[in-house]
Structure formats: structure tokens, C-alpha cells
Amino acid sequence: MKRMALLACMGLLMANGDVAPGKPISPRFAGDPSPHWFDDRWYLYATDDASNSGRYWDSTSWRLYSSTDMKSWKDDGAFLDVTTFKWARPDAKAWAPEVAQRNGRYYFYAPIGGDRIGVAVADRPQGPYRDARGDALIDKARDANAGAEPIDPAVFIDTDGQAYLYFGTRVPKVVRLKPDMIHVDGPIMDVAVTGLPASDPKKKYGEAPYLHAHKGRYYFSFSTGWPGQIIYGTAASPLGPFAYGGVILDYLPISTNHQAIVERGGKSWLFYHDKLLPGGGDHRRSITIAPLTYAKDGVILPVERHARNEERPDVSARPSHLSAQLGDR
């Protein structure tokens, strides 16, 4: 019944002229979507896979796309690179970004080099952005409990105005942000997810933390690893603990996944990346969008993958090439 309801909803969305599941938003490789509705337009900030070596996620710039209807996306180019942050190496890796709007300004959270998160600020969604601090917001070498890799930032601003920054691999982290959005307010804390199925050891936190709210409930979603499912938990507080809820998106035939969930006009969408374009793969990803549906009790119904028929990845063991690249991830 859940599957039939999901397919019916997807058909209705497509009939109304909304997004087509499984269609890449651009012919250019990109990953790690951070979508936002700013100033009557969608802005999607991304990792620029087209400029990496093809052998690793080693691009040094971020890409921006914009749209008014979520169907046609304009490539606004490489609007920012790591040289914006003078404290970073010019060849440092530019990974999954995040943006937040507050007080009429736009804040870009930039994971750089795998060990620090910087923050830049602009007066417009598309920039130009400038370093807001002169040093890192989160620094593995400086900050207690920053974790093994302070990457994949995600910002959530609650209805009471409190902003939270989520990040991290292997162990999810959260820290409150001050109203200026460029300083932390208190210690970095671990995020607890309870009730993960003991029968499936692969159901554990890997990376890509993301928080959204729906009808008064907080949903914490993330990837379970490399490769990983996108799963979620729910809580009555942005700080958790989050009780395991289920799978949003099953394994894909690439080594990583990274999601964002947005709601507008009474509709919800899942943004993620997949292997969709010719020549695509682990390091050359494509961003796509699918409708997201909730059951009456608030459970997120699994999203169907709409792409070329491909074999499911072997998740019994990590691929050797990935082990070499990710170390002990």
C-alpha cells in the first residue's frame, strides 16, 4: 500500500509539471546538493565534480545552480573557491557545502581539506562571498570533540531563532551557533541515534548529517557509509536523541551519497546525487531530485530510484579503491 501511495503521489507531481525523478539537473558533474529558496528563486550549492581529477574528490571550488521552477536549472558557475580563505592551502579539497540566510545576509559553510570548516558571508545568494572570520569556524586541531573529519556541514534554524550546525563522519556532531552565524555558542556535542536495527550492522552513521522539521517533528537524516543508504531518525528536539525511523533512499551504485530535504508550497523533495550522466561514477556524480512523501503517522516513505537499470552495489565489503582513499572511514 505504501508503495502504491508513493507512486500515485509521484505521478501527480509529474502531471502538475514538477520535477522529473532521476533526471540530472545539469549536464555537468556535481555532487553534495545544498538547495535553498532565496529571493523567489531556488539556489543549489554543490561540490564541483567536473573540476576534480576524476580519481578523487579533489576539486578546489564550489558550483552554483539556480532555478525558478526546479525543472530548468541555470549554471551560475564556480562562484567561490578555497582561496577565499587565506588560512587554507590553495589546493585544499572543497567538499560538501552549506548555506544559511539570516539578517539579510547569506552564510556559506565550507568544509576545507577534510579537517576544517570555514564560513564566508555575502549580501546576495550568489555572492561575492568573503571570509567572515579570518580563521576556521570548526578546526580539528583546535576544537575539542570536532571528530575525525569535520566535514558535511548542515545548518538548521529553529522557529525560536536558535541556529544549529551539524557535521562530521562516523560520529555525528552538533553545535549551537550564535546569532551572528559565524561563532559557535557552547561545546560541540555528539548526536545520538537510538534504535538502529541490531540485525543490520550496516545501519550506522557514516556522514552527510541533515536536519529538517515537518509538522512539529525533527527529522535527522544521514548516509550510513561508503556506499550507504540514506536513513533517518526523529526527535522532539533538534538535539535529539533521534529514534530510528527507516530508510529514505536505498543503496546506489556509487561510493557516497549526500541528501537534502526541502519543503515549499505543501510539497517535499529529496535532493541527492547518483551516477546518471555518461562517464559518471564515484567521483563524477550528478545531482537529481525526487518527490518525498510522508505517511499519516509522519513516517517517510522510501524514495524510488529512477535511473538506468544498474546492478545494486555490493555492500558486503568496502571496495579496495575506496578503502585506500578513505583510510579508516
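Start with the open sheet of four strands in the order S10-S11-S12-S13, paired in the antiparallel sense. Strands here are DSSP runs (E, at least two residues), numbered from the N terminus, and two strands pair if DSSP finds at least two bridges between them. S10 and strand S13 (189-190) are at the edges with a single partner strand each, so one side of each has no neighbour in the sheet.

This is a predicted model, in which local features need pLDDT of at least 70 and side-chain atom pairs count only at pLDDT 80 or more, while totals for chains, interfaces and linings use all residues. Residues are numbered from 1 along each chain as its sequence is written, and side-chain values use heavy atoms, with hydrogens and water left out.

**S10 and S11**

Select S10 together with strand S11 (residues 163-167): four bridges join them, in the antiparallel sense. Within this pair, Ile157 has Ala163 in S11 as its bridge partner.

**Pro209**

Next, select Pro209, which is found in strand S15. Is Pro209 buried or exposed? Pro209 is buried, at a relative accessible area of 1%; buried means under 20% relative accessible area, exposed over 50%, and partly exposed in between (1.4 Å probe, protein chains only).

Show the surroundings of Pro209. Apart from neighbours within four places in sequence, Pro209 is in contact with Asp152, Ala154, Tyr166, Phe167, Gly168, Phe220, Ser221, Phe222 and Gln259. Contact means heavy atoms within 4.5 Å. For a distance to display, take the C-alpha atoms of Pro209 and Tyr166: they are separated by 6.2 Å, although the two residues are 43 apart along the chain.

**S15, S16 and S17**

Extend the selection to S15 and S16, an antiparallel pair with six bridges. Leu211 stands opposite Phe220 in S16. The hairpin of S15 and S16 has two residues between the strands, and Lys215 takes a positive phi near 50° there.

Now select strand S16 (residues 217-223) alone. Six of its seven residues are buried, so S16 is largely enclosed by the rest of the structure.

Add strand S17 (residues 230-235), which runs antiparallel to S16 and is joined to S16 by six bridges. Phe220 stands opposite Gly233 in S17. In the hairpin of S16 and S17, with six residues between the strands, Gly225 takes a positive phi near 150°.

**The S1 to S4 sheet**

Move to another open sheet, of four strands in the order S1-S2-S3-S4 with antiparallel pairing. Its edge strands are strand S1 (31-38) and strand S4 (74-81), each pairing on one side only. From one strand to the next the twist averages 25°; axes are lines fitted to C-alpha atoms, for helices over the stretch in contact, and angles run from 0 to 180 degrees between N-to-C directions.

Within this sheet, select S1 and strand S2 (residues 41-47), which pair in the antiparallel sense over six bridges. Pro35 stands opposite Leu44 in S2.

**The largest pocket**

Keep Pro35 selected and add His36, Val155, Tyr210 and Val262: of the 20 residues that line the largest pocket, these five lie nearest its centre. On a 1 Å grid over the protein atoms alone, a pocket is an open set of points with protein on both sides within 12 Å along at least five of seven lines, a cavity is a set where a 1.4 Å probe fits but cannot get out, and lining residues have an atom within 4 Å of a point.

The largest pocket has a volume of about 540 Å³, where a volume is the space filled by probe spheres set on the points, and grid points are joined across faces, edges and corners. Which elements give two or more residues to its lining? They are S1, strand S5 (98-102), strand S10 (154-157), S15 and strand S19 (260-264). The lining divides into 14 nonpolar, three polar and three charged residues. Ala, Val, Leu, Ile, Met, Phe, Trp, Tyr, Cys and Pro count as nonpolar, Asp, Glu, Lys and Arg as charged, and the others, Gly among them, as polar.

**The cavities**

Finish with the enclosed spaces, where the count comes to two cavities of 30 Å³ or more.

- The largest cavity has a volume of about 160 Å³. Select Asp32, Trp95, Asp152, Glu207 and Arg285, the residues nearest its centre among the 14 in its lining. That lining holds four nonpolar, five polar and five charged residues.
- The second largest cavity has a volume of about 60 Å³. Its lining includes Pro33, Ser34, Asp152, Pro209 and Tyr210. S1 and strand S15 (207-214) are the elements that give two or more residues to this lining. Its residues divide into six nonpolar, three polar and two charged.
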